[in-house]
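Here is a friendly walk through one model, from its ligand to its charged pairs and a few notable loop residues. Have the sequence at hand as you read.

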Amino acid sequence: MNPRFPAPGGTTLRCRGWRQEGLLRLLENVLSVGEDPDNLVVYAALGKAARNWAAHDGIVQALRTMSDEDTLIVQSGKPIGLVRTGPQAPVVIMANCNLVGQWARAEVFYELEKKGLICWGGLTAGAWQYIGSQGVIQGTYEILMRIAERHFGGPGSDLAGRFVLTAGLGGMGGSQPLAGRMANAAILCVEVDPARAEKRRAIGYLDRVAPDLDTALTLIEQAKAQRHGLSVGLIANAADVYPELVRRGVTPDVVTDQTAAHDLIHGYVPAGFALDEVRALRTSDPERLMAASRDSIVAHVTAMLAMKERGAVAFDNGNLIRTHAKAGGVADAFSIPIFTEAYLRPLFARAIGPFRWMALSGEAEDIARIDDAVLELFPDDAIVTNWIRLARAHVPFEGLPARIAWLGHGARTELALRVNAMVRDGALTGPVAFSRDHLDAGAMAHPNIMTENMKDGSDAIADWPLLDAMTLCASQADLVTVHSGGGGYAGYMTSAGVTLIADGSEAAEARLRTALTNDTSLGVMRYADAGYDEALDEAAAKGIRRIALG
Ligand code: NAD
């Protein structure tokens, strides 16, 4: 947590109700745990909480004064106005970074951003849903455990005695070392910026920072031999280290990458450049930087392919690195599979995905009580119970205490209603906010990440997130947002986000039931429409009213 941006807490209202107060606290929280809060940057290179500080202050002022009859409209991180809607309508609706088709290109985005007309909200930055590196940790852990099962020993196996190589210790990439350790792997994380590695070490996500590659490899070898989980950071450029390992004949068991490779200017750091030099080039010569980043990504992915050829399990962890490598001439970059298709799609087809809750009071004890409730509600769900036990033992909180767990249709609603009742009965210190990642069944079209190789070829159809957002607006959600890609993601994706505040009231109960149920219903319908058996089964088993034609 950044001391200049303290996490909110307590039970004193500064707004006219908990719906507005909850959203205000979430905005404060994303800055508290963000990567560069002075510049409103939360994660993923350029993902921002608000367009600029004036826009931020305008949002805060609106949330503090608006009534339950009003909805605040936010366009690309800037408050536009209030409209009179009524207490069943969202408190905030947002559209972030949506460009018209032919204009949805990185260079157009950068131009508009320079003019102050747009900002990129990432997925969870602009929607004030980011909770630190914990946000993606279960996803990374589940991928690693599925790799262990499929490639290294069958059901019940973990990655003990295995070497995982990755890079990037930023906002999201910072989840990798802890997820790796929890899967019992010896995981090496290459990071070019020492401050990022130190941040992860200080909050307990990274065990060690090695002074050089030889020491790092020795530590990895020792952990492998002892079959215990260990995460080792190495301050170096991945585009140097990966090819060097290939030269030395060192082949990891698993190789991936989570640098901010999607953005060739503000995210990826090319080999051969000092960090200060890169920061200066971002404004003085962005074209040179883009070309250098692409060259380095070519070397980086070429080395991943060589490791794959030598037997490593390789996967893309959702950062467009294959896309840029292919554009740079690596013809077979897409022989590296995307994690969604390779490991998680059967879960998404049942609308099981990263659901999260935040204790708005700031009290960690509230999350512990909700952990207990999850274990009591879903004792037969092995993924959830295993995760909650692991998470409460290993995952430190950043900012507002929060938890993430992969829950699906019905389960999300059931948990949220239980929590709302706990708030009402005084079993929790204060209200709780619920949201989910935008990388969710009905919520995202991202043809190189979430929807790559869909069974029916519907990868690029962005109707689904738009339908999701409209459904959520019609279903009493408290915050609804539609995001498209900015920076290097321009033209690559559209997603929908949702947040709800459980304040213990009857009105909250109705909102949680309607919005969460309809959100996952749409997710199941989306995958059923694409022909996935799991979704067809889930729709039939849970009475989801899908219309099947002919
Ligand atoms: P970030 O900007 O916070 O951090 C990126 C990190 O990569 C930085 O610490 C940077 O120093 C480091 N880096 C850049 N180039 C490097 C290089 N050549 N060698 C070593 N380190 C380098 O970004 P983030 O929030 O951690 O996100 C990382 C990527 O993951 C983004 O592309 C993001 O869109 C993607 N992402 C994927 C998922 C998912 O579900 N799999 C979720 C969120 C984000």
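A residue is called buried when its relative accessible area is under 20%, exposed when it is over 50%, and partly exposed in between, using a 1.4 Å probe and protein chains only. Please keep in mind that this is a predicted model, in which local features need pLDDT of at least 70, side-chain atom pairs count only at pLDDT 80 or more, and totals for chains, interfaces and linings use all residues. Residues are numbered from 1 along each chain as its sequence is written, and side-chain values use heavy atoms, with hydrogens and water left out.

**Two loop residues with positive phi**

Helices (H or I, at least four residues) and strands (E, at least two) are DSSP runs numbered from the N terminus. Leu40 sits in the loop between α1 (18–33) and β1 (41–43). Its phi is near 65°, a positive value in a residue other than glycine, and Leu40 is buried at 1% relative accessibility. Ala45 belongs to the loop between β1 and β2 (47–48). Phi of Ala45 is also positive, near 70°, and this residue is partly exposed at 25% relative accessibility.

**Around the ligand**

Ala45 turns up again here: it is among the closest of the 30 residues that surround the ligand, together with Glu191, His262, Asn317 and Tyr489. A residue counts as near when one of its heavy atoms lies within 4 Å. This shell divides into 14 nonpolar, 12 polar and 4 charged residues. In that count, Ala, Val, Leu, Ile, Met, Phe, Trp, Tyr, Cys and Pro are nonpolar, Asp, Glu, Lys and Arg are charged, and the others, Gly among them, are polar.

The table lists polar contacts, that is, pairs of N or O atoms within 3.5 Å.

| Ligand atom | Protein partner | Distance |
|---|---|---|
| nitrogen | Gln258, side-chain N or O atom | 3.4 Å |
| nitrogen | Val269, polar backbone atom | 2.9 Å |
| nitrogen | Asn317, polar backbone atom | 2.8 Å |

The protein covers 95% of the 860 Å² of accessible area that the ligand has on its own. Such areas come from the Shrake-Rupley method with a 1.4 Å probe; for residues, only the protein chains shown count as cover.

**Salt bridges**

Side chains of opposite charge can pair when their charged atoms come close. Here a salt bridge means a side-chain nitrogen of Lys or Arg within 4 Å of a carboxyl oxygen of Asp or Glu, and the count comes to 40.

Which residues does Arg322 pair with? One partner is Asp316, with N to O at 2.8 Å. Another is Glu452, where the closest N and O atoms are 2.6 Å apart. Glu452 lies in the loop between β15 (444–445) and α16 (463–473) and Arg322 in helix α11 (residues 321–327), so this pair ties together parts that are 130 residues apart in sequence. Both Glu452 and Arg322 are buried, and Asp316 is buried too, at 2% relative accessible area.

Glu376 and Arg418 form another salt bridge, at 3.4 Å from N to O. This pair links helix α13 (residues 364–377) with helix α15 (residues 411–424), the two residues being 42 apart. Glu376 is exposed at 55% relative accessible area, whereas Arg418 is partly exposed at 28%.

Finally, Glu35, Asp193, Arg196, Lys199, Arg200, Asp276 and Arg279 are linked in a network of salt bridges.

Terms used. A polar contact is a pair of N or O atoms within 3.5 Å; within protein, one must be able to donate a hydrogen and the other to accept it, and residues adjacent in sequence count only if both atoms are side-chain atoms.
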